[in-house]
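Trainee: I'd like a close look at a single part of this model, please. Pick one stretch of the chain and follow it outward to whatever it leads to.

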Amino acid sequence: MNREPGRILDEYLVVCAQAGEERAFAHLFSIWQPRLLRHAMRLLHRPSSAQDAAQEAWLAIARGLKKLDDPARFPAWAFRITTHKCADAVRKAARERRT
């Protein structure tokens, strides 16, 4: 198996963060925040909404990280959470427009 060093680092940081190491979570955040924010921007097209969705995604990631069984799945899992938070933002905006 040939894996990129960045993927190995991500997996290591996930395992350390799952063990409660705050510095590992902070490093994981610093690596992945720009990626997740870009993803949210592509979906929402509004910087403020994208920032809010990314922030909500990180709260969900922090709460659920210990339940992630395979650290190699972190990227897909984090993007999926971000996508769901963006969908929540779209639904909320639609509800607000109706009222």
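Mentor: Happy to! A word on naming before we start: a helix here is a DSSP run of type H or I with at least four residues, numbered from the N terminus. Keep in mind, too, that this is a predicted model.

Let's take helix α2, which covers residues 22-44. The helix has a kink of about 40 degrees at W32, and the proline P34 follows shortly after that point. Just past the end of α2, H45 adopts a positive phi of about 60 degrees.

Now look at the side of α2 that is hidden. Its buried residues are A24, L28, I31, W32, Q33, L36, H39, A40 and L44, so W32 is both the site of the kink and, with a relative accessible area under 20%, one of the buried positions. The cover over these buried residues includes α1 (5-18), α3 (47-64) and α4 (74-98).

The aromatic rings show two of those neighbours at work on the model. Five aromatic pairs are present in the structure. One of them joins F29 and W58 edge-to-face, at 4.9 Å centre to centre and with 65 degrees between the planes. Because F29 sits in α2 and W58 in α3, this pair ties together parts 29 residues apart in sequence. Its two partners have their own settings: F29 is partly exposed, at 33% relative accessible area, while W58 is buried, at 6%.

A second pair is formed by W32 and F74, also edge-to-face, with 5.7 Å between the centres and 75 degrees between the planes. Here α2 is linked to α4, across 42 residues of chain. Both W32 and F74 are buried. The pair also belongs to a wider group, since W32, F74, W77 and F79 form one aromatic cluster.

Following α3 and α4 a little further brings us to the largest pocket, with a volume of about 330 Å³. Among its 14 lining residues, S49, A89, V90, K92 and A93 are the closest to the centre. The elements that contribute two or more residues to this lining are α3 and α4, and α4 gives the most, with eight. If you are thinking about chemistry, the lining has eight charged residues, five nonpolar ones and one polar one.

Technical notes. Residues numbered from 1 in each chain as written. Predicted model: local features only at pLDDT ≥ 70, side-chain atom pairs only at ≥ 80, totals over all residues. Heavy atoms only, no water. Bend = angle between axes of the 7 residues up to and from the residue. Buried < 20%, exposed > 50% of the residue type's maximum accessible area, 1.4 Å probe, protein only. Contact = heavy atoms within 4.5 Å. 1 Å grid on protein atoms, 1.4 Å probe; cavity = no way out; pocket = protein on both sides within 12 Å on 5 of 7 lines; lining within 4 Å. Points joined across faces, edges and corners; volume = space filled by probe spheres on them. Nonpolar A, V, L, I, M, F, W, Y, C, P; charged D, E, K, R; others polar. Phe/Tyr/Trp six-rings, centres within 6.5 Å; stacked < 30°, edge-to-face > 60°.
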